[in-house]
Amino acid sequence: LINYLAQVRPSAIPNPAARNEDDYSLTADLAQIIDTSLLKAYLKTNDTLVMPLVKIANNNCHIKECEKVLATYGKHAELVQLYKTKGMHRAALELLAK
């Protein structure tokens with residue numbers, strides 16, 4: 001799965017008009033589904049690959065889903081980095097304060 005997702009990721013073009021951060025059933029954003037699935041697969045198989053994914057400035061990770069799964073796995077540094085790349089600096093500071 002990881003090999004396939006990594007292979008199709010570059011060709012997935014985000015469609016900002018179709019993006020809905022709250023519900024996958026309403027989104028047509030293939031890039032978001034790919035990046036979120038990659039993050040979850042990396043956590044299960046090789047968690048050292050999570051940080052490079054969330055550091056990509058144009059990662060398309062679904063914020064709410066990735067927050068949940070990163071917190072579950074105790075990946076706080078990765079979650080801070082995800083917040084940073086998404087411009088969610090207040091959330092990053094609040095997490096760091098905890």
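**Exercise 1.** In this predicted model, determine which residue of helix α2 meets the side chain of E65 in a salt bridge, and explain what the pair ties together.

*Solution.* Begin with the side chain of E65, which meets that of K40 in a salt bridge, with 2.7 Å from N to O. Next, place the partners: E65 lies in helix α4 and K40 in helix α2, so the pair ties together parts that are 25 residues apart in sequence. Then consider accessibility, where the cut-off for buried is under 20% relative accessible area: E65, at 18%, is buried, whereas K40, at 32%, counts as partly exposed. Finally, look for further partners of E65: K68 also forms a salt bridge with E65, the closest N and O atoms being 3.6 Å apart, and these two residues, 3 apart in helix α4, are separated by about one helical turn. Through shared partners, K40, E65 and K68 are thus joined into one network.

**Exercise 2.** Find the salt-bridge partner of K75 and state which loops the pair ties together.

*Solution.* The partner is D47, with the closest N and O atoms 2.7 Å apart. K75 lies in the loop between α4 and α5, and D47 in the loop between α2 and α3, so the pair ties together parts that are 28 residues apart in sequence. K75 is buried at 16% relative accessible area, while D47, at 32%, counts as partly exposed.

**Exercise 3.** Identify which element gives the largest share of the largest nonpolar core.

*Solution.* This core has 24 residues, and those with the most contacts inside it are L39, V50, L70 and L82. The largest share, 6 residues, comes from α2. Beyond its neighbours within four places in sequence, L70 is in contact with residues including L39, V50, K75 and L82.

Notes: Residues are numbered from 1 along each chain as its sequence is written. This is a predicted model: local features need pLDDT of at least 70, side-chain atom pairs count only at pLDDT 80 or more; totals for chains, interfaces and linings use all residues. Side-chain values use heavy atoms; hydrogens and water are left out. A nonpolar core is a set of buried Ala, Val, Leu, Ile, Met, Phe, Trp, Tyr and Cys residues joined through side-chain atoms within 4.5 Å. Buried means under 20% relative accessible area, exposed over 50%, partly exposed in between (1.4 Å probe, protein chains only). Helices (H or I, at least four residues) and strands (E, at least two) are DSSP runs, numbered from the N terminus. Contact means heavy atoms within 4.5 Å. A salt bridge is a side-chain nitrogen of Lys or Arg within 4 Å of a carboxyl oxygen of Asp or Glu.
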